[in-house]
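Here's a look at the inside of this one: its cavities, its salt bridges and a residue in its core. Have the model open while you read.

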Amino acid sequence: MADIAAVPLTPASPPRGTLARAERFVWLTARVLERRLFARHFRDGAAGPVETALEAYRNDDGGYGHALEPALRGPASLPVHTARALHVLDAVGRCDARRAEDVCRYLTSVSTTEGALPAVGTLASGGGAARLPGSLSATAPVVGLLHRNEVWHPWLFRATDFCRQAVESLEAARPGDVEAAVLFLDHAPDRTRAEAAAGRLGRLVRRERLVVLDPDGSGHAPGALPHDYARTPDSLARAWFTDAETERSLDALAAAQQDDGGWPARRPPGAPELTPGALLESRCIATIEALRTLTAYGRLV
């Protein structure tokens, strides 16, 4: 009863402040995993409870399923769920070699001969992994996180080569491809090559107008904002944008907090339309990520 009383369902007045409003939203709507993550990031919570909550989504094959990525329901392991698990482990400093070994074993089993992982929608629709083409958007975030945590595995060598070639050959890119490419380049082992590729990619983003630089402008189409590419100030993508463009982007991110305290969800490329339950779970993830970005830029005090 004490836990329930700590977050009244019908307070006399709504909490004030970005973090307080978000905290109420998370405690009233989130899964246990996101509650633990919020506590870890913003309330000095421990990493152990996050790991315990994440373990419920792990399968015997080393991958993760059970709607860890809310847009894709069902128990089966999928690369997108496994990428989410690695993101969680990295966020709490627990993505070590022991845990990565099982994950890489699963990733090897579903990757192409080049080491690439299939796109979200293909495995979810029941296709056989061996017949599916590799996807930069599915592979690059996983490879980047493993390099960030200094993990090495035979599969990772092939996957890294795939990502390098895919990033350096991008021409008609989509925002999702660029976001994934940045997550790889920010942690790729050959820093000189990564920085050169990032410079080329930034010029492509601006030339092809793959970013909304004036979110307050009238008539602009929805799309990626600078902070979607440069999630932290030390990202290679931060150099793509001026200080003023970055500040406008962060203003738009802060203003996107909704009346209930949460942020709107982003659907993964290729994922089906979100059900009401999946939408709410996805919003909790989006809320934590928005708060982390604002914190990284010193905008959440």
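## The largest cavity

About 90 Å³ of space sits in the largest cavity. This is a predicted model, so keep that in mind as you go through the side chains. In total, the structure has two cavities of 30 Å³ or more.

Which residues line the largest cavity? Going along the chain, they are Glu34, Leu37, His41, Arg84, His87, Val88, Ala91, Ile285, Ile288, Glu289 and Arg292. Three elements each give two or more residues to this lining: helix H3 (32-42), helix H5 (79-91) and helix H14 (276-296). Sorted by class, the lining comes out as five nonpolar, two polar and four charged residues.

## The second largest cavity

The runner-up has a volume of about 60 Å³. Its walls are made by Cys163, Arg164, Val167, Glu168, Phe184, Leu185, Ala188, Asp190, Arg193, Ala194 and Ala197. Here the elements that supply two or more lining residues are helix H9 (154-168), helix H10 (175-185) and helix H11 (191-207).

Which helix gives the most to this lining? That's H9, with four residues. As for the mix of classes, there are seven nonpolar and four charged residues around the second largest cavity, and no polar ones.

## Salt bridges around the cavities

Search the whole structure and you get 24 salt bridges. One of them pairs the side chains of Arg84 and Glu69, with 3.4 Å from N to O. Arg84 belongs to helix H5, while Glu69 is in the loop between helix H4 (48-55) and H5, so this bridge ties together parts that are 15 residues apart in sequence. Are the two partners buried or exposed? Arg84 counts as buried at 17% relative accessibility, and Glu69 is buried as well, at 7%. Arg84 should also ring a bell as one of the residues lining the largest cavity.

Over at the second largest cavity, two of the lining residues, Glu168 and Arg193, form a salt bridge whose closest N and O atoms are 2.6 Å apart. Glu168 lies in helix H9 and Arg193 in helix H11, so the pair links parts of the chain that are 25 residues apart in sequence. Both ends are partly exposed: Glu168 has a relative accessible area of 32%, and Arg193 comes in at 36%.

## A pair of sequence neighbours and a network

Glu208 and Arg207 make a salt bridge too, and the closest N and O atoms there are 3.4 Å apart. How do they sit relative to the surface: buried, partly exposed or exposed? Glu208 is partly exposed, with 43% relative accessible area. Arg207 reaches 53% and is exposed, because the cut-off for that class is over 50%.

Some salt bridges also share partners, and these join Arg31, Glu34, Arg73 and Glu281 into one network. Glu34 has a second role worth a click in the viewer, being among the residues that line the largest cavity.

## A look at Leu201

Leu201 is in helix H11, one of the helices that give two or more residues to the lining of the second largest cavity. Its relative accessible area is 0%, so Leu201 is buried.

What does Leu201 touch once its neighbours within four places in sequence are set aside? Its contacts are Leu170, Val178, Ala181, Leu185 and Trp240. Of these, Leu185 is also part of the lining of the second largest cavity. Trp240 is 39 residues from Leu201 along the chain, and their C-alpha atoms are separated by 9.0 Å.

## The chain as a whole

Stepping back, the protein chain has 14 helices and zero strands. Read in order along the sequence, the pattern is α-α-α-α-α-α-α-α-α-α-α-α-α-α.

Of the 301 residues in the protein chain, 50% are buried. The accessible surface of the chain adds up to about 14600 Å², and carbon and sulfur atoms account for 53% of that. Then there are the contacts: among those between residues at least 6 apart in sequence, 59% join residues at least 24 apart. The contact between Leu201 and Trp240 is an example to look at, with the two residues 39 apart along the chain.

Methods
Residues are numbered from 1 along each chain as its sequence is written. This is a predicted model: local features need pLDDT of at least 70, side-chain atom pairs count only at pLDDT 80 or more; totals for chains, interfaces and linings use all residues. Side-chain values use heavy atoms; hydrogens and water are left out. On a 1 Å grid over the protein atoms alone, a cavity is a set of points where a 1.4 Å probe fits but cannot get out, and a pocket is an open set with protein on both sides within 12 Å along at least five of seven lines; lining residues have an atom within 4 Å of a point. Grid points are joined across faces, edges and corners, and a volume is the space filled by probe spheres set on the points. Ala, Val, Leu, Ile, Met, Phe, Trp, Tyr, Cys and Pro count as nonpolar, Asp, Glu, Lys and Arg as charged, and the others, Gly among them, as polar. A salt bridge is a side-chain nitrogen of Lys or Arg within 4 Å of a carboxyl oxygen of Asp or Glu. Buried means under 20% relative accessible area, exposed over 50%, partly exposed in between (1.4 Å probe, protein chains only). Contact means heavy atoms within 4.5 Å. Accessible areas come from the Shrake-Rupley method with a 1.4 Å probe; for residues, only the protein chains shown count as cover.
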